[in-house]
Structure formats: structure tokens, C-alpha cells
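Subject: Structure handover

Hello,

Here is the structure I promised to pass on to you. Please open it alongside this message, and I will walk you through what turned up.

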Amino acid sequence: MTSQSIQPVIMAGGSGTRLWPLSRAGFPKQFLVLQGDSSLFQDAVQRVAKVRPAGFDTRAPLVVVHEDHRFLATDQLRELQLAPQALILEPVARNTAPAVSLAALAALEGGADPILVVTPADQTATAPDAFTAALGKAVELADGGLIALMGVPPTRPETGYGYVRSHTVGDAHAVVQQFVEKPDLATAERYLAEGGYHWNSGLFVMRASVWMAALERFRPDIATACRAAWAARKTDANFIRPGKAEFAAVPAESVDYAVLERCPGTEFGIGMVPLAAGWNDLGAWDSVWQVADKDAGGNATRGDVLLQDAANCLVHASGRLVSVVGLNDVVVVETPDAVMVSHRDRSQDVKKIVGALDSGGRVEHTAHRKVHRPWGWYDSIDAGARFQVKRIMVKPGASLSLQMHHHRAEHWIVVSGTAEVTCGDKTLVLTENQSTYIPLGETHRLANPGKLPLEIIEVQSGSYLGEDDIVRFEDTYGRK
């Protein structure tokens, strides 16, 4: 007898290069708050948690995320007061088919065979009740052995999405006949006129055993490599770490190419459930504009923004006043270290800027000026020859590693909160407006023993100020 349980799977990988400069390799788009008070990742977690058809038990989510982003995911789950089933940490990016396969293998542990509800972490749905109802129908199809794909009724001739062609079976569901690639404009217009085509949402539902059987049928190389990586896994609290060398050997492939596109006409039935829930894949800034709240002129803004004679613009200000005068259909995104301006119709091409930054050896595509760490964050507010100034926040009860530097000394000034400072064999407690000096080469640690966030100003001075000049002796977060 199969298990009547639902296992949500959140695929939180991806870099979101087309949402630069807000999305960076170190802080990708799924963890951004683009509107409201929660991130795309948090929205995805909360949406699938509500899928609870009668007769089914919904488990805590499985999150598949790159190892570098494990603390971002953990912190954002903590904000939701939600404990995950586990976080499966990918040591390298291998696209979505291996990610889903790891989740399926985790779900099958102990002889269970739950229904996987798989969702990317970077989408929106403005009609949550309709979303929940559609996913409930997909669960019923998956309970009958089908793979159920969520297809979005197209509202425009979109060239940025893949499509699925299907035909209806009675009043139950549609059967997928064909997957088609992202079309040109003329083809997209024909799809819209003919009917029978839906956008491929990337959301799908099936039993864990069905996924593994289909993977064995169509891509046994991926299945074998994923099983080897899973067998070599290590577990650390809620973190599951597949074998690093074994996972690096897994072929990189998408869910669609590896399995779904091969299913029509085979023993693996694939059905489609229409998803009319205000769905949007926020792949580019134009998509963000489409789902955002707008003023009478069609402008969507966030932050400190002033507009004059502007229409249909998206303006996102992170920290400074941004003003736009006499422009239509543009995107302006400001961050402390970069500003991006684009015509809305060209927002897909932002990824070319990211490519140019990468090939030019620049760093603005990898990390923000403000860098999040498991203990808090730091913001590099000024730098020059032989000095750097940082604003540092340490969470209550958290501490940095016990460390030393070969090339720099540090001055710490407490702005707010309480700091416990280890410097050599001495430990001292500092409060607001007090300071201390960490000599070059001295072993030291900064901790927050209080119940409020600790903020300090750090002034570094020396011949080399890179983040790689850190020798860790002890670390709470396994970075030693």
C-alpha cells in the first residue's frame, strides 16, 4: 500500500542573472523581497504548505539548495517559524533533474513513497486559493500514477517561456502531447490563436517512485550517478550533503529534457492541470513589472523614488533617492554599488551585462556590498589604500569564528548592543561607544552574548585586506 502523504520539494537553486544588480551569485533572486514582506523563496514554501487535499498528509518541505546558500534558506525558514524536512545541499549546480532526483531519493527513505509537489522557488501566484485548488487536482492525478504538469493559460504571445500542447480528456484533465521550446513572436502568436497551448510553469507533481522509474527509463546515467551521490551523503543537523565528487560526476540536465519531454506516448502518462492563478515566472525585470502594484501611470516603484512625466516604468531604489523624468517603459534598479537602466523590452538582455562583468574579472555580479553571513552581515562602507571600513551586525547569541589575519590589524567600535571580544588570552565585554584594537597576527573572536543585535564599526588597516586573509581555528558553522 502506497503512502498517502505529500512531500513538497522547493528547488531553490539558480542564479537569477537577469535580475541583476539586485540578484547576485551570493544572494540570488529566490531570496529577494521584490514586493510585500516575504521573499520569493518564502512565498513558494508557504504556497505549497497549503496543498492539503482530503485524505493526504502534507509533510514539512524538502529544500534543494546550493551549499553556499544554506544559511540564507535556513534564516528565511526560521523567519517563517517553519522547520524543514531537510535541506539537501548541492555542492555544484547540476540543473533541475539531479535536484529532483535527490529529493525523490530522500522521500523514498524508509520505504515511503509520497507524492512530490515540486516547485521552483522564484515564481509568483497572485490567486493563492486557485493555486491550491489546482495543485490539489494534480495530487489526485499523481495518486493515480500519472505525472501531472501545471500548465498556465497564456494571456499574451510570450517568447520567454516554453509551451506544452495538450488535448482534453473528458472533464478530468488534459493529456500532454508535446513540449515546445521558447518560440519566436510569430509562433507565439499562432499558439495563442490556435489554442491548446499552455505555458510550461515548471511546477509538476508525481510519486517519488514514478520519477525514479522514469529517470531509469530515459536517463539511467543520471539515475545511477544520483544514487551514488546519495549513497555517499553525510548528514549534519537538517543539512544533507550528497557526496561531493559523486555529485560533480552527475550529468547536468533539466527536468524537461531528461524526463518530461520523453513521456508522451510511453508507459509514463503525463497529464496537465490548468493553473489559472496569476502565475508568473520572475525571470526578468519586465516580469517583475507585470506583477507589481502600479500607480495611475503604470509605474511600479520600491524605495525612495520620485517620478515626473514617467509612464510604465519599474524603478527599484535600494538605498538612495532615484528620480526619473520624462521616460516611458524603462527599468531602473539601484543598489549601493551598481545602477542598471534598461528598456523594459530588453530586460532579458541584462544577463549579457552579467556575462561582461564575469569575463572582465569584476565582482559586482557575485556579491553585494552588504554580505550576509550565518552570524549576521557586514557592509563595506568605505575603502582606500591600506584601509577598509565595515559596518558589522552580529545576531543575538551568535559569534564569528576564532581567527587571525596575517596582513591586517583591526579597530572595533561598538555602536549598539554588547560585544564579547576574545583577543589572545584575554576576554573583555564592550558596550556602546567603547572600542578595542586587534593587532596583526593576534587570535581573536567577536561574539554577541546579548538579546539584541550587536552593531560595530570595524576599521581594517594593513598591506592586504581581502576576505581570504582569514585563518580559522574554531567555527560554529563548519567553515574551519
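One cut-off first, as it is needed for the helix pair below: angles under 35 degrees count as roughly parallel, over 145 as roughly antiparallel, 65 to 115 as roughly perpendicular, and the rest as oblique. Please also keep in mind that this is a predicted model.

**The helix pair**

Two packed helices are described by the angle between their axes and the distance between the axes. Here, α1 packs against helix α2 (residues 70-79) at an angle of about 55°, and their axes are 10 Å apart. That angle falls outside the ranges above, so α1 and α2 are oblique to each other. On the α1 side, the contact is made by F41, Q42 and V45, while α2 contributes A73, Q76, L77 and E79. Sorted by character, the residues of this contact are four nonpolar, two polar and one charged. As for handedness, α1 passes α2 in a right-handed crossing.

**The four-stranded sheet**

Next, have a look at the open sheet of four strands, with the order β15-β17-β19-β20 and mixed pairing. Its edge strands are β15 (300-302) and β20 (338-343), each of which pairs on one side only. Ignoring direction, neighbouring strands of this sheet are turned by 5° against each other on average.

Strand β19 (residues 330-335) is a good place to zoom in. With β20, it runs antiparallel and is joined by six bridges. Two of the facing positions are easy to find: V333 has M340 as its bridge partner in β20, and E334 stands opposite V339. The hairpin that joins β19 to β20 passes through two residues. Towards β17, the pairing is parallel, with four bridges, and there L314 stands opposite V331 of β19.

Is β19 buried or exposed? Six of its six residues are buried, so the strand is largely enclosed by the rest of the structure. Both faces are covered: V330, V332 and E334 are buried on one side, and V331, V333 and T335 are buried on the other.

**Backbone oddities**

Most residues other than glycine have a negative phi, and most peptide bonds are trans. A few places in this model depart from that pattern, and you may like to check them on screen:

- W20 and P21 are joined by a cis peptide bond, with omega about 10°. P21 is found in the loop between β1 (5-11) and α1 (40-49).
- N95 is not a glycine, yet has a positive phi of about 70°. This residue sits in the loop between β4 (86-90) and α3 (96-107) and is partly exposed, with a relative accessible area of 42%.
- D309, also not a glycine, has a positive phi of about 55°. D309 lies in the loop between β16 (305-308) and β17 (314-317) and is exposed, with a relative accessible area of 61%.

**One more residue: T17**

The loop between β1 and α1 also holds T17, which is partly exposed at a relative accessible area of 29%. Leaving aside residues up to four places away in sequence, T17 touches V350, K351 and V354. The C-alpha atoms of T17 and T124 are separated by 18 Å, with these positions 107 residues apart along the chain.

Happy browsing, and write back if you would like to go through any of this together.

Best wishes

Terms used: Residues numbered from 1 in each chain as written. Predicted model: local features only at pLDDT ≥ 70, side-chain atom pairs only at ≥ 80, totals over all residues. Heavy atoms only, no water. Pairing = 2+ DSSP bridges. Axes fitted to C-alpha atoms, helices over the stretch in contact; angles between N-to-C directions. Buried < 20%, exposed > 50% of the residue type's maximum accessible area, 1.4 Å probe, protein only. Left-handed = near helix turned anticlockwise from the far one by under 90°. Contact = heavy atoms within 4.5 Å. Nonpolar A, V, L, I, M, F, W, Y, C, P; charged D, E, K, R; others polar.
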